Amino acid sequence: MASRILVVEDEVAIRDMLCFVLEQHGYECAEADTYQAALEQLGEPYPDLILLDWMFPGGSGIQLLKHLKVDEMLRQIPVVMLTARGEEEDKVRGLENGADDYVTKPFSPKELMARLKSVLRRVNPTSLDDTLEVGKLKLDPVSHRATLEEHPLEMGPTEFKLLHFFMTHPERVYSREQLLNNVWGTNVYVEDRTVDVHIRRLRKALKDHDHLVQTVRGSGYRFSTKL
């Protein structure tokens, strides 16, 4: 599934150019030209990364960064600031308020794409084909095997996909809808409570490691080794 990039930029020409470049590189582009429009784009499905201008009608990039960092569902979204403000103190201020990178205008589309990919890799560095290990739990997506203490785990294909998603996105809370979008896909109609059924099956398959899949009341589920 293509990564969804939210572009918060009030200049139409720049916003259109950014979306064109993003779509040429296989990304899905969402747009916002005001602070309020940006807030409205922060619902389901959540963006995988935000390209954020410094100033736009109704607010600022710094304000939006602060809003993201106090929201448990939004704080993990990486942000690349894209602005004409190139002074060192502005860059420091942006980074100190939670930006993951800072690109000044005018910019090279090639450099921007390289930086964007670098940030996405830092957030989720694991290749889809890499064998994953958490303690004595191991998952091999190539052979489609999951083992615990070298003993094979019996689970269905949906539980396997769910475990793979959790192991590649640890320590982050996901709502039922987010899990549906990421594991089942956005083009499949499945009721939210179906997630609960598969979570129970996954926990049963994990046996005495079922504590790795944690319920976060009022928010969703999290994969974590921390009790």
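**Figure 1. A salt bridge within helix α5 of the predicted model.** In this predicted model, the side chains of E111 and R115 form a salt bridge, with 2.9 Å from N to O. Both residues belong to helix α5, where they are 4 residues apart, about one turn of the helix. E111 counts as partly exposed, at 38% relative accessibility. R115 is likewise classed as partly exposed, with a relative accessibility of 27%. The structure holds 10 salt bridges, and the pair E111 and R115 is one of the salt bridges shown in these views.

**Figure 2. The salt bridge between E9 and K105.** The side chains of E9 and K105 meet at 2.8 Å, N to O, in a salt bridge. This contact links distant parts of the chain, for the two residues are 96 residues apart. E9 belongs to the loop between β1 (4-8) and α1 (12-24), whereas K105 belongs to the loop between β7 (101-104) and α5 (109-123). E9 has a relative accessible area of 2% and is therefore buried, the limit for this class being under 20%. K105, with a relative accessible area of 18%, also falls under 20% and is therefore buried.

**Figure 3. The salt bridge between E31 and R15.** A salt bridge of 3.0 Å, N to O, joins the side chains of E31 and R15. E31 lies in strand β2 (residues 28-32) and R15 lies in helix α1, so the salt bridge ties together parts that are 16 residues apart in sequence. What is the relative accessibility of each partner? E31 counts as partly exposed at 36%, while R15 counts as buried at 10%.

**Figure 4. The open sheet of 5 strands.** The strands of this sheet follow the order β2-β1-β3-β6-β7, and their pairing is parallel. Which strands stand at the edges? The edge strands are β2 and β7, each of which pairs on one side only. On average, neighbouring strands of this sheet are turned by 20° against each other, direction ignored. Strands of a sheet pair through backbone hydrogen bonds, in either a parallel or an antiparallel manner.

**Figure 5. Strand β3 and its partners in the sheet.** Strand β3 (residues 49-52) runs parallel to β1, to which it is joined by 4 bridges. Across this pairing, I5 stands opposite L49 of β3, and V8 stands opposite L52 of β3. Strand β3 also pairs in the parallel sense with strand β6 (residues 79-83), over 3 bridges. Here L51 has V80 of β6 as its bridge partner. In a regular strand the side chains alternate between the two faces of the sheet. Both faces of β3 are covered. L49 and L51 are buried on one side, and I50 and L52 are buried on the other.

**Figure 6. The surroundings of Y102.** Y102 is found in strand β7, one of the edge strands of its sheet. Is Y102 buried or exposed? Y102 is buried, with a relative accessible area of 7%. Leaving aside residues up to four places away in sequence, Y102 touches W54, M81, T83, R85, D90, K91 and R115. Among these contacts, R115 is the residue that meets E111 in a salt bridge. Y102 and S3 are 99 residues apart in sequence, and their C-alpha atoms are 20 Å apart in space.

**Figure 7. The open sheet of 4 strands and helix α6.** In this sheet the strands are arranged in the order β8-β9-β10-β11, with antiparallel pairing. The edges are formed by β8 (132-134) and β11 (151-152); each has a single partner strand, so one side of each is left without a neighbour in the sheet. Strand β9 (residues 137-140) and strand β10 (residues 145-148) run antiparallel and are joined by 4 bridges. Within this pairing, K138 stands opposite T147 of β10. Helix α6 (residues 157-168) packs on the sheet and touches β8, β9 and β10. The direction of helix α6 makes about 110° with that of β9.

Note on methods:
Residues are numbered from 1 along each chain as its sequence is written. This is a predicted model: local features need pLDDT of at least 70, side-chain atom pairs count only at pLDDT 80 or more; totals for chains, interfaces and linings use all residues. Side-chain values use heavy atoms; hydrogens and water are left out. A salt bridge is a side-chain nitrogen of Lys or Arg within 4 Å of a carboxyl oxygen of Asp or Glu. Buried means under 20% relative accessible area, exposed over 50%, partly exposed in between (1.4 Å probe, protein chains only). Two strands pair if DSSP finds at least two bridges between them. Axes are lines fitted to C-alpha atoms, for helices over the stretch in contact, and angles run from 0 to 180 degrees between N-to-C directions. Contact means heavy atoms within 4.5 Å.
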